[in-house]
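I opened my notebook to look around a new structure and write down what turned up. Come along and check each entry with me.

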Amino acid sequence: MDAGEKRIRTFVRVKPTAEFAQEVIKFGPDNKTIDIYIKRDAKKGPVNNKQTDWSFRLDGVLHNTSQELTYEAVAKSLVSEALLGYNGTIMCYGQTGAGKTYTMTGAAAEYQHRGIIPRALQQIFKATAHSLDTCVTVRISYLEIYNETLVDLLSTVGSGGNSDVPMAVVDCPQGVYVKGLSIHSVSHEEDALNLLFEGETNRVMAEHTLNRNSSRSHCIFTIYLESRFRLFSDIKCIHSKINLIDLAGSERLSKTGSEGQVLKEASYINKSLSFLEQIVIALADPRREHIPFRQSKLTHVLKDSLGGNSNTVLVTNICGEAAHVEETLSSLRFATRMKWITTEPVINETYDQEGTVRALEKEITLLKQELAIQGCLANRFLVSYDPLTDSQIAEIKSQVHQYLEGAIDEIDVLNIRQVQEVFKQFKLILRQQQDEVEARFQSKYFLVDKNDLAAVAALQEAGVVDEDGCLVKEEHGQAFGSAGALCASRHHEKKKSRRPKEPKKQGIKSSPSGKDLDGSSPSKSQVGISTKDMDGKEGAKNQDEADIGAEPSKAAPMEELQRPSSPPARPVAFELFKREDGSEISQIFKENKSILLARKKRSKAVVQRINSIKQEMEGIQKALEAQQQQRWQEGEYVDEEGQIIIDEEEFLLIMKLKDLKEEYKSGYTELKDLKAEIQYCQHLVDQCRNKLISEFDIWYSESFLIPKDVQEALKPGGHIRPGMIPINRVMCLEEDEQDRFERLQETMLPAWPASVSFYKAKMKADQKLILAGSSSS
């Protein structure tokens, strides 16, 4: 094997079953060997040369192992190397129902049963969160190969792909990629898990003889990583990708008896897996020059993973029953062939813009030298091609002000930089004058935009403007000026101004130089109103409103509200009830629920503190054991009374452990009290919820469902007591998804503090499924 080459690592995982054939399948003591024994068939006579025993040696045998131990053995080191820039691939291969999807994805309902993909995402985001030197960008794609057709499982998520582009596998110098496949950027573990669950709901599943929920396609979940160093973000970039492949199951068609669409799917699956096995055989043979990767979509996509620069791991899933021994032998033979394939993983590094920047800097220097030579030939010795200094900028600013005041007739310009600075100074002066003019108008007028319909309507109601938006005249014949009214897009505070002795038009003002402000006058679609006039109009309006309010209210008809022809929808009626008749009980319900949420939040914090104390105690306990072991090895010292003498460090550890135990005990007591309070608060919330429901039942029935002839009997003094009319339950305030998630957190967080992102993503995926089902129905 050449330097830098690595063999593909292979593992076999045995599906746990109560019918495990111990006489047929046996494991070696090192957990790397698996032996298959088949009894000789006596019916075929004494002469029978058919092989009855096989032995396979792999990198590991995973029997009765948890999801966590499987990930530690298979994927943890591969993901760590991917963060350093090495490509990685993990494939699950085996017959239908052997546990490939469980190994790769896991059971979405339970956090501890999650598979390789969610655990890899968690490891990546934990590593990026603790990394101080690098900035990591994570992107995700999810591809399905169904009946030799490429399908984007994340096409329903609006993001980076082009749905109009037909999908195809494309070779390029950087490797193989799928054209038209959408790639989604994620910044948190929860976002990545959302995409995983979204893609899982779009997979093709079917009932099979060997598996009730069998995946009928090959699926490739790809994680793209791009790392940039924070100090040298434009120099070095490391990128890598991790392909997590869940292959469809392979089995003999005669054994399953598949028909119809399942038969067609199985034919395509067996065909693609046969091509995959041919590729494996060709790669294991060093004499083969041509490898037929293009025989199928699956082998073409896996070109980099099998024969390229990727760390590759194969997990072979087998069943332990004697009835499936032939499929088990076939899967183990495939794993043995895969073990002899070698790959050459290398770090994928790119150096962005470093050489380009150096070349451009050199070219700029040469161009400056050439311009200097041209300036000397043209007798322009004072021209400088470097950026302007502060003194040069101040000189240009002074010349611009002198030019505007008429002190000088020209501005000295020697190069393009000075021209740009002159225009910049003109722009600053113009902006400053505009701000001064606007400030003067704001001190005298209320500025209202005529395009602001709400403000115009308010002015019309106050009698300041008419229906056409023109200012009305005052009682003494004085007109509001609208020709020179100023524009503004915001409302300002009201300011009082004294009435001038002589009338003059409002909205017209002279500039300091004596010229009219025609250039700065507002557009005709806006209006400026004097503060004095606005106050007068508003005062008149308030007086009118006061007079109207002083009129007796008996003029309004005291007719009862008409009942609607049909009762309103129950959710709408329930919201109305909570605002009106049920406002008190609704407010009590909200207060009790807020207290309950506060107690739950406090309980969560206490649980996290207890967990941290427990971890610290375990660390100190290990340190104490190490100290005691060292003391036993070096020999113990005993004083005159026969007591063992310990050093100061061990004594401090003992005291620290004692303090932590006391803190742990107090935290546990506090948690116990909080749980009792939470239980009591939950009881109060349930009581308020039930009370709110029952009160709404009564109110809804009496308000909308009771016939008119019964209404009279329901009035005070009638024969029917309110609330006694039997109707079905109207509204059910069940526990919502957020409450269910918080209760789940209380039970799961003490054991798995990192499970929050997983359950949040699962909750969002379930809500999408519920909404999709309700919309389709």
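Here are my entries, from the whole chain down to single residues.

**Entry 1: the whole chain**

I began by noting that this is a predicted model. I counted the parts and found 21 helices and 23 strands in the chain. Next I looked up burial: of the 777 residues, 37% count as buried. The chain exposes about 47100 Å², and carbon and sulfur atoms supply 52% of that area. I also checked how far along the sequence contacts reach. Among contacts between residues at least 6 apart in sequence, 73% join residues at least 24 apart.

**Entry 2: strand 17**

How many residues of strand 17 are buried? I looked through residues 310–319 and found that 10 of 10 are buried, so I wrote "mostly covered" beside this strand.

Then I thought about faces. In a regular strand the side chains alternate between the two faces of the sheet. On one side of strand 17 I listed S310, T312, L314, T316 and I318, and on the other N311, V313, V315, N317 and C319; all are buried, and both faces are covered.

Which strands pair with strand 17? One partner is strand 2 (residues 9–15), parallel to strand 17 over seven bridges. In that pairing I found V14 opposite I318. Another partner is strand 7 (residues 87–94), again in the parallel sense, this time over eight bridges. Here C92 has V315 as its bridge partner.

**Entry 3: strand 16**

I followed strand 7 onward and met strand 16, which pairs with strand 7 in the parallel sense over five bridges. I90 stands opposite L244 of strand 16.

Strand 16 covers residues 236–246. Nine of its 11 residues are buried, so I noted that the rest of the structure largely encloses this strand.

L244 came up again when I looked at strand 15. Strands 15 and 16 are antiparallel, with 10 bridges between them. F221 is opposite L244, and C219 is opposite D246. So much for that pairing; I then looked up strand 19 (residues 349–351), which three bridges join to strand 16 in an antiparallel arrangement. The bridge partner of C237 there is T350.

**Entry 4: strand 15**

Why did I call strand 15 largely enclosed by the rest of the structure? Strand 15 runs over residues 218–229, and nine of those 12 residues are buried, so the description fits.

I had already seen strand 16 as an antiparallel partner of strand 15. Strand 8 is also antiparallel to strand 15, and 12 bridges join them. For one example I picked R139, which stands opposite Y224 in strand 15.

**Entry 5: empty space inside**

Rolling a probe the size of a water molecule over the atoms shows where empty space is left. A search of the whole structure finds three cavities of 30 Å³ or more. The largest cavity has a volume of about 40 Å³.

Which residues line the largest cavity? I wrote down I145, Y146, N147, E148, H218, Y268, I269 and S272. Strand 8 (134–146) and helix 7 (260–284) are the elements that give two or more residues to this lining. Helix 7 gives the most, with three residues. Sorted by class, the lining has four nonpolar, three polar and one charged residues.

**Entry 6: two neighbors in a loop**

I went back to N147 and E148 from the cavity lining. N147 lies in the loop between strand 8 and strand 9 (149–152), and E148 is found in that loop too.

Most residues other than glycine have a negative phi, and most peptide bonds are trans. N147, which is not a glycine, has a positive phi of about 50°. E148 is not a glycine either, and its phi is positive at about 60°.

Are these two buried or partly exposed? N147 has a relative accessible area of 14%, so it is buried. E148 has 24%, so it is partly exposed.

**Entry 7: N592**

My last stop was N592, in helix 17 (residues 583–634). N592 counts as buried because its relative accessibility is 16%. Leaving out residues up to four places away in sequence, I found that N592 touches L684, V685 and C688. I also looked up Q682: N592 and Q682 are 90 residues apart in sequence, and their C-alpha atoms are 8.4 Å apart in space.

Terms used. Residues numbered from 1 in each chain as written. Predicted model: local features only at pLDDT ≥ 70, side-chain atom pairs only at ≥ 80, totals over all residues. Heavy atoms only, no water. 1 Å grid on protein atoms, 1.4 Å probe; cavity = no way out; pocket = protein on both sides within 12 Å on 5 of 7 lines; lining within 4 Å. Points joined across faces, edges and corners; volume = space filled by probe spheres on them. Helix = DSSP H or I, 4+ residues; strand = E, 2+ residues; numbered from the N terminus. Nonpolar A, V, L, I, M, F, W, Y, C, P; charged D, E, K, R; others polar. Buried < 20%, exposed > 50% of the residue type's maximum accessible area, 1.4 Å probe, protein only. Contact = heavy atoms within 4.5 Å. Areas by Shrake-Rupley, 256 points an atom, 1.4 Å probe, with all protein chains shown as cover. Pairing = 2+ DSSP bridges.
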